[in-house]
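The exercises below ask you to read a protein model step by step, and each task is followed by a worked solution. Please keep the sequence and the structure in view while you work through them.

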Amino acid sequence: MNRTWHARCALALLLAAALSACAKKAPAVKYESPAEEDYAVASRELDDGSFPEAQKLFERVRTKYPYSKYAALSELRLADLKFAQAKFVEAAEAYSSFVKLHPTNPEVDYAAFRAALSRWNEAPTDFFLFPAVYERDLTQVSKAAEAFAQFLQKYPDSKKAPEARELLAKAQATLAARDWYAFEFYKKREKWQGAAYRLERIVKDFPGSAREPEALFELANMYLKLQERFRAQKALQQLLVRYPASAYKPRAEKLLADIRTQPEPQAKPAW
């Protein structure tokens, strides 16, 4: 009886202790400084989509604790806030400003990437209700391509580098499509100089693009139309060296052989 009673008492005490532990609240998060605490609260507001409140709190951290690391981080989060609201032009400017003002900040590569991404998001898309991309203003696409290229040059080891390369390729493909459209326009009208110029832009401005092999082959044909055999041979040689596995290789080799076996055109008399 004694032992049973003691066992029941012990069990009751254990249950009481367990219930007491469950009833206790989780310990409050301890912050190193008021700046950190305000920044954390502002970040939660941003994550929850409470944009006006988040903006107020980030502005407060930025102005109240200007020498704290959270002041700079608040500037970055304010740019994130604009991005989240799809205010991409303002976001690009805010991210770019952060990069200039805080070049040694650990998150500077993130800011540089987001500046380029903001430009890209502001650019026109292939949405079916609108004209083709190459028929519209591609200023933002050009700015995005330039920003992505600069980002990759400056931060090649960034975690964002793979995504930046992918988006740069898309931007360049869009811009190359515009020049290809113009090339076909001039070619149909037998404006060989204008057609060649557009192909030269593709080769020069978008090296490595999917359009380049075909652009080099067509460029050789345009040069032949303009009676510029040397430049035609050079374009074909570039095609064969850069793209040895290209589907244009057999045609390029045949055209190059034909050019080499044909006699030089006779110069017309000056009179």
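Helices here are DSSP runs of H or I with at least four residues, strands are DSSP runs of E with at least two, and both are numbered from the N terminus. Bear in mind throughout that this is a predicted model.

**Exercise 1. The overall make-up**

Task: Find how many helices and how many strands there are in the chain, and what percentage of its residues count as buried.

Solution. Begin by counting the elements, which gives 12 helices and zero strands in the chain. Reading along the sequence, you then meet the pattern α-α-α-α-α-α-α-α-α-α-α-α. Turning to burial, where a residue must have under 20% relative accessible area to qualify, 38% of the 271 residues of the chain count as buried. Finally, consider the contacts between residues at least 6 apart in sequence: 50% of them join residues at least 24 apart.

**Exercise 2. Helix H4 beside H5**

Task: Decide whether H4 is roughly parallel or roughly antiparallel to H5, and list the residues that make their contact.

Solution. Two packed helices are described by the angle between their axes and the distance between the axes. For H4 and H5, the axes come within 8 Å and cross at roughly 160°. Because angles over 145 degrees count as roughly antiparallel, H4 is roughly antiparallel to H5. The crossing in which H4 passes H5 is left-handed. On the side of H4, the contact is made by Ala72, Glu75, Leu76, Ala79, Asp80, Lys82 and Phe83, while H5 brings Phe88, Glu90, Ala91, Ala94, Tyr95, Phe98 and Leu101. Sorted by class, the residues of this contact of H4 with H5 divide into 10 nonpolar, no polar and four charged.

**Exercise 3. Helix H6 and two of its partners**

Task: Work out how H6 is oriented towards H4 and towards H8, and which residues meet in each contact.

Solution. Take H4 (residues 69-84) and H6 as the opening pair: they pack at an angle of about 20°, with their axes 11 Å apart. Since angles under 35 degrees count as roughly parallel, H4 is roughly parallel to H6. H4 passes H6 in a left-handed crossing. Leu76, Arg77, Asp80 and Phe83 of H4 make the contact with Tyr110, Ala111, Arg114, Leu117, Ser118 and Asn121 of H6. By class, this contact of H4 with H6 has five nonpolar, two polar and three charged residues.

Now move to the other pair, in which the axes of H6 (residues 108-122) and H8 (residues 161-188) come within 11 Å and cross at roughly 30°. That angle makes H6 roughly parallel to H8, and the crossing of H6 and H8 is left-handed. From H6, Phe113, Leu117 and Trp120 meet Glu163, Ala164, Leu167, Lys170, Ala171 and Thr174 in H8. The contact of H6 with H8 has six nonpolar, one polar and two charged residues.

**Exercise 4. The nonpolar cores**

Task: Identify which residues of the largest nonpolar core touch the most other members, and which helix gives the most to this core.

Solution. In soluble globular proteins, nonpolar side chains tend to be buried together. Here the largest nonpolar core holds 60 residues, of which Tyr95, Phe148, Leu199 and Leu236 touch the most other members. H8 gives the most to this core, with nine residues. To follow one member, look at Leu236: leaving aside residues up to four places away in sequence, Leu236 touches Phe217, Ala220, Ala252, Leu255, Leu256 and Ile259. There is also a second, separate core of 13 residues, which includes Ala35, Leu46, Phe58 and Leu78.

**Exercise 5. Two residues with positive phi**

Task: Say where Glu190 and Gln227 are found, and whether each is buried or exposed.

Solution. Most residues other than glycine have a negative phi. Glu190 is not a glycine, yet its phi is positive, at about 55°. Glu190 is found in the loop between H8 and H9 (192-205). With a relative accessible area of 55%, Glu190 is exposed, because the cut-off for this class is over 50%.

Apply the steps again to Gln227, which has a positive phi of about 60° although it is not a glycine. Gln227 is found in the loop between H10 (212-225) and H11 (229-242). At 65% relative accessibility, Gln227 counts as exposed.

Notes
Residues are numbered from 1 along each chain as its sequence is written. This is a predicted model: local features need pLDDT of at least 70, side-chain atom pairs count only at pLDDT 80 or more; totals for chains, interfaces and linings use all residues. Side-chain values use heavy atoms; hydrogens and water are left out. Axes are lines fitted to C-alpha atoms, for helices over the stretch in contact, and angles run from 0 to 180 degrees between N-to-C directions. Angles under 35 degrees count as roughly parallel, over 145 as roughly antiparallel, 65 to 115 as roughly perpendicular and the rest as oblique. A crossing is left-handed if the near helix is turned anticlockwise from the far one by less than a right angle, and right-handed if clockwise. Contact means heavy atoms within 4.5 Å. Ala, Val, Leu, Ile, Met, Phe, Trp, Tyr, Cys and Pro count as nonpolar, Asp, Glu, Lys and Arg as charged, and the others, Gly among them, as polar. A nonpolar core is a set of buried Ala, Val, Leu, Ile, Met, Phe, Trp, Tyr and Cys residues joined through side-chain atoms within 4.5 Å. Buried means under 20% relative accessible area, exposed over 50%, partly exposed in between (1.4 Å probe, protein chains only).
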